[in-house]
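Dear colleague,

Please find the structure below, handed over for your examination. My findings follow it, beginning with the ligand and then turning to the backbone and to selected pairs of residues.

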Amino acid sequence: VISQRQDIAAKTYGWLNDDEGPFLRGLALSCVGPYLEVGSYCGKSTVWIGDAAETNGTVLFALDHHQGSPEMMEGSDCFNPAVIDEDGSHDTLTQFRRTLRSAGLQDSVVPVVGATEIVGPLWAIPLGFVFVDGSHSYEGCSLDAKTWGSWLRPNGLMAFHDVTIPDIAKAIDETLEGDFEEVDPCNTVRVIRKCS
Ligand SMILES: C[S@@+](CC[C@H](N)C(=O)[O-])C[C@H]1O[C@@H](n2cnc3c(N)ncnc32)[C@H](O)[C@@H]1O
């Protein structure tokens with residue numbers, strides 16, 4: 001199954017590097033569930049972490065409002081015309097669900113369609129692994145780190161994508177001033193562990 005899912009992830013539009021998917025899968029496998037990712041887009045990272053959730057008999061909550069980020073809008077670097085709905089809106093939910101169906105991960109991935117700002121204050125489920133790849137602004141990434149980091153169990157891991165972006169690195173460094181320690185990174189993914 002994993003080699004088929006590897007092909008599906010490779011064909012899914014997104015920004016994860018080749019070594020980062022297997023790395024995230026390995027991190028999740030080492031943690032008790034459930035897991036949460038913020039920023040699923042078309043499901044590339046979801047396939048890798050969802051496979052770990054299935055293997056560990058747990059679920060991955062895949063949180064995204066599916067309306068895209070400022071850097072994905074027309075005229076910007078990450079614009080993808082394939083995810084523009086017929087009414088002109090950016091909407092990745094249909095493609096995301098297609099990815100889940102083709103990977104056979106509907107029972108292991110629970111889509112949560114909403115923003116951290118809305119869902120976070122209502123959340124009440126302890127988490128073992130979190131992947132942060134939502135808003136790439138300093139404010140957005142800090143909010144994700146605070147919100148989802150507060151639900152991490154002791155020894156739980158939180159991984160961040162695109163850490164070469166200075167605003168994301170700053171948000172991680174500030175989070176490390178709290179009850180976290182840094183563990184080994186991979187490419188543009190940095191990882192921190194909740195101490196207690
Ligand atoms: C860089 S993409 C995620 C890429 C994905 N992880 C992959 O492997 O291809 C960022 C996603 O975060 C979502 N997003 C941005 N801000 C968000 C927020 N505040 N809450 C939830 N999702 C958000 C966007 O809609 C977008 O789909």
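A polar contact is here a pair of N or O atoms within 3.5 Å. Please also bear in mind that this is a predicted model.

With that cut-off in place, the ligand may be taken up. A backbone N or O atom of G39 is found 2.8 Å from a nitrogen atom of the ligand. The side chain of S45 also takes part, with an N or O atom 2.9 Å from a ligand nitrogen. At S135 the partner is a polar backbone atom, and the distance to a nitrogen atom of the ligand is 3.4 Å. How much of the ligand does the protein bury? Taken alone, the ligand exposes 610 Å², and the protein buries 96% of that area.

The ligand is located in the largest pocket. Two elements, α3 (44-55) and α5 (116-119), each give two or more residues to the shell around the ligand. In total, 22 residues surround the ligand, and the closest of them are G39, S45, D64, E117 and D133. By character, the residues of this shell comprise 13 polar, 5 nonpolar and 4 charged.

I turn next to the backbone. The peptide bond that leads from G33 to P34 is cis, and its omega is near -5°. P34 belongs to the loop between α2 (20-29) and β1 (35-38).

Two asparagine residues also deserve mention. N155 has a positive phi of about 75°, although it is not a glycine. N155 lies in strand β5, which spans residues 152-160. Is N155 buried or exposed? N155 counts as exposed because its relative accessibility is 54%, and the cut-off for that class is over 50%. N187 likewise has a positive phi, of about 50°, and is not a glycine. In contrast to the strand position of N155, N187 is placed in the loop between β6 (180-186) and β7 (189-194).

Three pairs of residues complete the account, each given by the distance between C-alpha atoms.

The pair E182 and I192 is separated by 10 residues along the chain, and the C-alpha atoms are 4.3 Å apart. E182 is part of strand β6. With a relative accessible area of 37%, E182 is partly exposed, a class that lies between the 20% and 50% limits.

In the second pair, L63 and G178 are 115 residues apart along the chain, with 24 Å between their C-alpha atoms. L63 lies in strand β2 (residues 60-64). Its relative accessible area is 1%, and L63 is therefore buried, the cut-off being under 20%.

The third pair consists of V83 and G134, which are 51 residues apart in sequence and 17 Å apart in space, C-alpha to C-alpha. V83 is situated in the loop between β2 and α4 (93-103). Although V83 is a loop residue, it counts as buried, at 5% relative accessibility.

In brief, the points to inspect are the ligand in the largest pocket, the cis peptide bond from G33 to P34, and the positive phi values of N155 and N187.

With kind regards

Methods
Residues numbered from 1 in each chain as written. Predicted model: local features only at pLDDT ≥ 70, side-chain atom pairs only at ≥ 80, totals over all residues. Heavy atoms only, no water. Near = heavy atom within 4 Å. Polar contact = N/O pair within 3.5 Å; in protein donor to acceptor, adjacent residues only side chain to side chain. Areas by Shrake-Rupley, 256 points an atom, 1.4 Å probe, with all protein chains shown as cover. 1 Å grid on protein atoms, 1.4 Å probe; cavity = no way out; pocket = protein on both sides within 12 Å on 5 of 7 lines; lining within 4 Å. Sits in = over half its atoms within 2 Å of the grid points. Helix = DSSP H or I, 4+ residues; strand = E, 2+ residues; numbered from the N terminus. Nonpolar A, V, L, I, M, F, W, Y, C, P; charged D, E, K, R; others polar. Buried < 20%, exposed > 50% of the residue type's maximum accessible area, 1.4 Å probe, protein only.
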